[in-house]
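Good morning, and thank you for making time for this short presentation. I shall go through one structure region by region, giving the criteria as they arise.

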Amino acid sequence: MSLQRFINKAISPWMNQEGPDSDIVLSSRIRLARNFENMLFPTVSTNEESQAIISLFQEQFEKKSFDSIGEFELLRMDELQPIEKRVLVEKHLISPNLAEDSTFGACLLSENEEVSIMINEEDHIRIQCLYPGFQLTEALKVAGELDDWIEQYVDYAFDEQRGYLTTCPTNVGTGLRASVMMHLPALILTDQMNRIIPAINQLGLVVRGIYGEGSEALGNILQISNQMTLGKAEEDIVEDLKSVVSQLISQERSAREALVKTSNIQLEDRVYRSYGILANSRIIESKEAAKCLSDVRLGIDLGFIKNISRNILNELIILTQPGFLQLYSGGALRANERDIKRATLIRERLELEEDKTNESLEVDDR
């Protein structure tokens, strides 16, 4: 399979779309945790109960369409290969927990992959909506509509005082997790994030790496999300997060402007050195690749590098993860083989951009 065909098939359609403030906010996510009334939580439920929940979703929702989202497909974790599950994790469509403990786990996935409904994870139901750019309000609206759609067939575990009841006490209340994925290279390069993160934590928000709790901030990409789910309305939780994210966007843009004014040649040199590494390396580890991709994306946003899609960071951060590399190769790879394949895939992806640029120039010359 050619790389272009692989990319077209592998990347979620929403990832190639532009959203508000896409130069800094890569994606917005809303997740709602829900449980069935009068059923044990998944961590202690019986096999019969878990199977009954999957059967209900298969009967009521598989192959059904919802507005512009398209049809849903039910993916049973016990029917997927380990690489397939790993790819779903790398695309943020399922959690590592669902992939690992998957005897009675499943995922109801929308055709455009904007919506993923995890079944029998930590909770019976986890509704997740993913949007490009800074679109928390839009994602919350769709998540709420899906929540209402499912509630037509399911009686939720709900308490008048405590709200929605969940396996983990930190999700009780709204059951809402709102998050944004942000590319913040200038704030990290200037060491400003070291003082910003404690201030964010004091506001009831948390800063994590690209794959959530316990993960690293690969490629200067950080996930900002709420910690509190109880005592606030869903709309208020989202508005509080939006306020902080808006400030971070402003601060990142100011930091970028300051770097251009004070260290323009050094910054441009850093960008082109990273581009040179990506374009010519034969072996590259994931951390170095992420760092270089971040530099190149910054160079694109600042206008140093032209004729390359800004979505290249979004694409290659995911495509160069272990699951995707093995899927592209058609089999398992050892660590050193992945480093070689990663370098090859990145070079091929950059060559595709060059080919597109040359084709465009030829058309303009005619």
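**Strands and their pairing**

I begin with one bridge: Arg208 stands opposite Gln223 in β10. The model is a predicted one, in which local features need pLDDT of at least 70 and side-chain atom pairs count only at pLDDT 80 or more, whereas totals for chains, interfaces and linings use all residues. Residues are numbered from 1 along each chain as its sequence is written, and side-chain values use heavy atoms, with hydrogens and water left out.

Helices (H or I, at least four residues) and strands (E, at least two) are DSSP runs, numbered from the N terminus. Two strands are said to pair if DSSP finds at least two bridges between them. On that basis β10, residues 221-226, pairs with β9, residues 205-208, in the antiparallel sense over four bridges. It also pairs with β8, residues 176-183, again in the antiparallel sense, over five bridges. Within that second pairing, Met182 has Leu222 of β10 as its bridge partner.

How many of the six residues of β10 are buried? Six of the six are, where buried means under 20% relative accessible area, exposed over 50% and partly exposed in between, with a 1.4 Å probe and protein chains only. Ile221, Gln223 and Ser225 point one way from the strand, Leu222, Ile224 and Asn226 point the other way, and all are buried.

**Cavities**

Next, the enclosed space. The search runs on a 1 Å grid over the protein atoms alone: a cavity is a set of points where a 1.4 Å probe fits but cannot get out, a pocket is an open set with protein on both sides within 12 Å along at least five of seven lines, and lining residues have an atom within 4 Å of a point. Grid points are joined across faces, edges and corners, and a volume is the space filled by probe spheres set on the points.

Across the whole structure, two cavities of 30 Å³ or more are found. The largest holds about 190 Å³. Fourteen residues line it, and Met15, Ser27, His92, Met181 and Ile318 lie nearest its centre. Which elements each supply at least two residues of this lining? They are β1 (25-34) and α10 (312-319), and α10 gives the largest share, with four residues.

For residue classes, Ala, Val, Leu, Ile, Met, Phe, Trp, Tyr, Cys and Pro count as nonpolar, Asp, Glu, Lys and Arg as charged, and the others, Gly among them, as polar. The lining of the largest cavity then has ten nonpolar, three polar and one charged residues.

The second largest cavity has a volume of about 60 Å³. Its lining includes Trp14, Met15, Glu18, Pro132, Arg297 and Asn314, and divides into four nonpolar, five polar and two charged residues.

**A pocket**

The second largest pocket contains about 370 Å³ of space. It is lined by 14 residues, with Lys9, Glu84, Val87, Lys91 and Leu327 closest to its centre. Three helices, α1 (3-10), α3 (82-90) and α11 (322-329), each supply at least two lining residues. By class, ten residues of this lining are nonpolar, none is polar and four are charged.

**A helix and the loop before it**

Helix α9 covers residues 286-301. The expected span of a helix is 1.5 Å times one less than its number of residues, so the 16 residues of α9 should span 22 Å, and its end C-alpha atoms are indeed 22 Å apart. Among the buried residues of α9 are Ala289, Cys292, Asp295, Arg297 and Ile300. After the helix comes Gly303, which has a positive phi, near 85°.

The loop between α8 (234-280) and α9 holds Ile284. Ile284 is buried, with a relative accessible area of 1%. Ile284 and Ile340 are 56 residues apart in sequence, yet 6.5 Å apart in space, C-alpha to C-alpha.

**Aromatic pairs**

Lastly, the rings. Rings of Phe, Tyr and Trp (its six-membered ring) pair if their centres lie within 6.5 Å; planes under 30 degrees apart count as stacked, over 60 as edge-to-face and the rest as tilted. The whole structure has six such pairs. One of them joins Phe61 and Trp149, edge-to-face, at 5.0 Å centre to centre and 75° between the planes. Because Phe61 lies in the loop between α2 (47-60) and β2 (72-76) and Trp149 in helix α5 (residues 136-151), the pair ties together parts that are 88 residues apart in sequence. Phe61 and Trp149 are each buried.

Tyr156 and Tyr164 form another edge-to-face pair, at 6.0 Å centre to centre with 80° between the planes; both are buried. Finally, one aromatic cluster is formed by Phe57, Phe61, Phe72, Trp149 and Tyr153.
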